[in-house]
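Biologist: I'm new to this one, could you walk me through its aromatic rings?
Modeller: Gladly, here it is.

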Amino acid sequence: MTISVADSLARIEADDHRFNCFTSVYREEALATARDLVDGPLAGVPFSVKDLYDVAGRTTRAGSMIYADNAPATSDATAVARLKTAGAVLVGATNMDEFAFGFTTENPHNGPTRNPHDPTCSVGGSSGGSAAAVAAGMSSLSLGSDTNGSVRVPAALCGVYGLKPTYGRLSRAGVAPLAWSFDHVGVFARSSREIACVYDVLQGPDTHDPVCTDRTLEPAEPTLDDGIAGLRIAVGGGYFGTGGLAEVFAVVGRAADVLGTNERIDIPDVDRALAASLLITSAEGASLHFDEIRTRAADFDPHTRDRWIAATMMPAAWVHTAQRFRRRFRDIMAAVFEDIDVLITPTTAFPAPLIGQGRITIDGNDVPVRGTLGRFTAPFSFVGLPAMSVPMAVEPGALP
């Protein structure tokens with residue numbers, strides 16, 4: 001974490017007009033905070049937050065016109081407050097898909113965020129502004145949220161680390177929700193060691209978050225050992241070895257070789273987990289915004305609005321069946337992790353698509369870009385498992 005607050009602000013000023021990572025920059029507040037720094041594990045580290053985290057004195061817009069006129073937040077979200085207490089300096093809020101319901105950060109109100117590796121390409125979403133800000137060196141770390149892959153997908157497409165911890169492990173207090181039974185606080189950084197350091201600052205129970213109050217969640221001693229000796233590592237086969245471009249699976253194979261594993265595990269019913277995950281997410285999001293859809297439909301991103309209108313008309317029996325299957329899939333994954341410690345899968349089925357690209361051809365099939373980006377991430381959110389997207393080295397000029 002070597003970038004200074006002054007460097008961060010200078011890079012935002014010089015480059016954000018090209019990448020559109022930020023919706024708000026807190027320049028004066030950041031400089032004032034940096035001048036009065038106290039000691040802490042993150043002292044002087046500039047960070048940014050997805051624009052669905054409450055920041056005291058600022059309106060939390062969640063990427064939408066619906067919240068644009070809301071009163072400013074009266075206090076910081078717990079995650080923001082903990083980073084500030086550790087000495088980190090907030091430099092701004094980042095662009096996102098409206099209400100975090102998307103995978104491309106092509107926001108019709110704020111414009112699309114562009115990939116620092118190729119500005120014609122998408123950054124993924126919904127936390128795309130946060131991932132791109134870290135990739136472009138505009139902030140050392142950033143907070144995002146992950147419902148079905150919204151941290152891991154942009155981390156993969158931007159070539160940074162993106163952590164989605166276990167469901168409920170990090171407090172969501174002060175974070176605008178999408179789907180209450182899926183939402184996770186997540187972190188972007190440029191190294192696994194930085195991810196670990198930030199995670200240790202953020203973790204621990206919070207009485208303001210009903211999912212994060214268990215005293216068994218007291219912070220453990222930090223463990224930054226880079227060794228893998230003794231870990232039982234396997235590669236996801238079957239579902240996780242299909243439905244993507246060959247270059248993606250080649251990278252997974254390289255990771256397996258480096259980690260010394262040739263074991264493959266086929267997990268049953270992953271395709272059903274994907275379908276059930278997206279069905280329940282849509283139902284929970286539509287329920288949350290039902291009144292606004294009825295009264296302010298024209299103010300929504302049409303892509304968001306239309307999917308939620310469809311969700312309001314789904315039979316309740318579908319959602320009930322999906323929830324019943326959720327319990328079954330949790331048992332399936334628990335059995336998998338009785339035999340292994342780490343499962344390697346692709347994060348995305350392809351590198352960053354072009355901004356505005358609607359379809360892509362995989363194995364001769366024409367598939368939707370947005371609907372396919374979460375193919376490998378949603379099944380793990382479905383049952384709250386921790387997951388991290390890890391960037392792999394690529395040829396010069398190639399996309400992450």
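Modeller: One term beforehand: buried means under 20% relative accessible area, exposed over 50%, and partly exposed in between, with a 1.4 Å probe and protein chains only. This is a predicted model, where local features need pLDDT of at least 70, side-chain atom pairs count only at pLDDT 80 or more, and totals for chains, interfaces and linings use all residues. Residues are numbered from 1 along each chain as its sequence is written, and side-chain values use heavy atoms, leaving out hydrogens and water.

Biologist: How many aromatic pairs are there in the whole structure?
Modeller: The search finds 14, where rings of Phe, Tyr and Trp (its six-membered ring) pair if their centres lie within 6.5 Å, and planes under 30 degrees apart count as stacked, over 60 as edge-to-face and the rest as tilted. Tyr67 and Phe99 are edge-to-face, because their planes stand at 80°, with the ring centres 5.0 Å apart.

Biologist: And Phe99 with Trp308, how is that pair arranged?
Modeller: That pair is tilted, at 6.0 Å centre to centre and 40° between the planes.

Biologist: Are Phe99 and Trp308 buried or exposed?
Modeller: Both Phe99 and Trp308 are buried, and Tyr67 is buried as well.

Biologist: Which residues form the aromatic cluster?
Modeller: Tyr67, Phe99, Phe101, Phe300 and Trp308 form one cluster.

Biologist: Switching to charges, what sits over the ring of Phe101?
Modeller: The charged end of Arg307 does, 3.8 Å from the ring centre; the term requires NZ of Lys or CZ of Arg within 6 Å of the ring centre and within 35 degrees of the ring normal. Likewise, the charged end of Arg326 sits over the ring of Phe182, 4.1 Å from its centre.
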